[in-house]
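I opened this model to see how its parts are arranged. My notes follow in the order I looked things up.

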Amino acid sequence: MDHPMSQLELFSHVHKTNHGLGDFIDKKSKRVHDKYKASIEFKYGTNRDDQPEFDPDSWINAVNEPSKGRIYGFGPRQPVSHVLGTPASPRRSILAHDIMSNEDVNKLKSELASARNTIE
């Protein structure tokens, strides 16, 4: 390709038969693709150059939230935090909190307390 592959293009390639040229392999793949594409086009327009390679909020809306700490379309070994990154919206903050273990939350609290002490 003459440009970086977007999440939508990668998803299509992986979830369609005939190396991305055929039909979707199942109804869920088609539904997620269509919902994500509609969201991206609504937010950024139909011009590919104006669209981001990936919009995590639109993806989460398309796949109907993480399930068991995983996000559909990213494989079982991809941590949610790698997909979502640092929460930027209240909705994503809630999702990140829901999927973090108590150990992770306590570690973050400890780091925050340490940073506050350093500032003081």
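I began with one helix and asked which of its residues are buried. In α4 the buried residues are Pro56, Ser58, Trp59, Ile60, Ala62 and Val63. Helix α4 runs over residues 56–63, and six of its eight residues are buried, so the rest of the structure largely encloses it. I note that the model is a predicted one.

**Ends of α4**

I looked next at what sits on either side of this helix. At the N-terminal end of α4, Asp55 acts as the cap, with a side-chain oxygen 3.1 Å from the backbone nitrogen of Asp57. After α4 comes Asn64, and I read a positive phi for Asn64, near 65°.

**Asp55**

I stayed with the capping residue. I found Asp55 in the loop between α3 and α4. Is Asp55 buried or exposed? Its relative accessible area is 4%, under the 20% cut-off, so Asp55 counts as buried. Its side chain reaches two backbone nitrogens: that of Asp57 at 3.1 Å and that of Ser58 at 3.2 Å. I then set aside residues up to four places away in sequence and listed what Asp55 touches: Tyr36, Ile40, Lys43 and Tyr44.

**α1 against α3**

I turned to a pair of helices. Helix α1 covers residues 7–15, and its axis comes within 11 Å of the axis of α3, the two crossing at roughly 165°. An angle over 145 degrees counts as roughly antiparallel, so that is how α1 lies relative to α3. I recorded the crossing of α1 and α3 as left-handed.

Which residues meet where α1 and α3 are in contact? From α1 they are Gln7, Leu8, Phe11, Ser12 and His15; from α3 they are Ser29, Val32, His33, Tyr36 and Lys37. Sorted by type, the residues of this contact between α1 and α3 are four nonpolar, five polar and one charged. Tyr36 is in this list, and I had already met Tyr36 among the residues that Asp55 touches.

**His15**

I picked one residue of the α1 side for a separate entry. His15 belongs to helix α1. The relative accessible area of His15 is 12%, so His15 also falls under the 20% cut-off and is buried. Without its neighbours within four places in sequence, His15 is in contact with Asp23, Phe24, Ile25, Ser29, Tyr72 and Gly73. I also checked a distance: His15 and Asp26 are 11 residues apart along the chain, and their C-alpha atoms are separated by 8.1 Å.

**Ile25**

One of the contacts of His15 is Ile25, which I looked up next. Ile25 is in the loop between α2 (17–20) and α3 (27–44). Neighbours within four places in sequence aside, the contacts of Ile25 are His15, Lys16 and Thr17. From Ile25 to Val14 I count 11 residues in sequence and 9.2 Å in space, C-alpha to C-alpha.

**Whole chain**

I finished with the totals. How many helices and strands does the protein chain have? The secondary structure comes to seven helices and zero strands. Along the sequence I read the pattern α-α-α-α-α-α-α. The protein chain has 120 residues, and 26% of them are buried. Of the contacts with a separation of 6 or more, 42% are between residues 24 or more positions apart.

Definitions and conventions
Residues numbered from 1 in each chain as written. Predicted model: local features only at pLDDT ≥ 70, side-chain atom pairs only at ≥ 80, totals over all residues. Heavy atoms only, no water. Helix = DSSP H or I, 4+ residues; strand = E, 2+ residues; numbered from the N terminus. Contact = heavy atoms within 4.5 Å. Buried < 20%, exposed > 50% of the residue type's maximum accessible area, 1.4 Å probe, protein only. Polar contact = N/O pair within 3.5 Å; in protein donor to acceptor, adjacent residues only side chain to side chain. Axes fitted to C-alpha atoms, helices over the stretch in contact; angles between N-to-C directions. Parallel < 35°, antiparallel > 145°, perpendicular 65-115°, else oblique. Left-handed = near helix turned anticlockwise from the far one by under 90°. Nonpolar A, V, L, I, M, F, W, Y, C, P; charged D, E, K, R; others polar.
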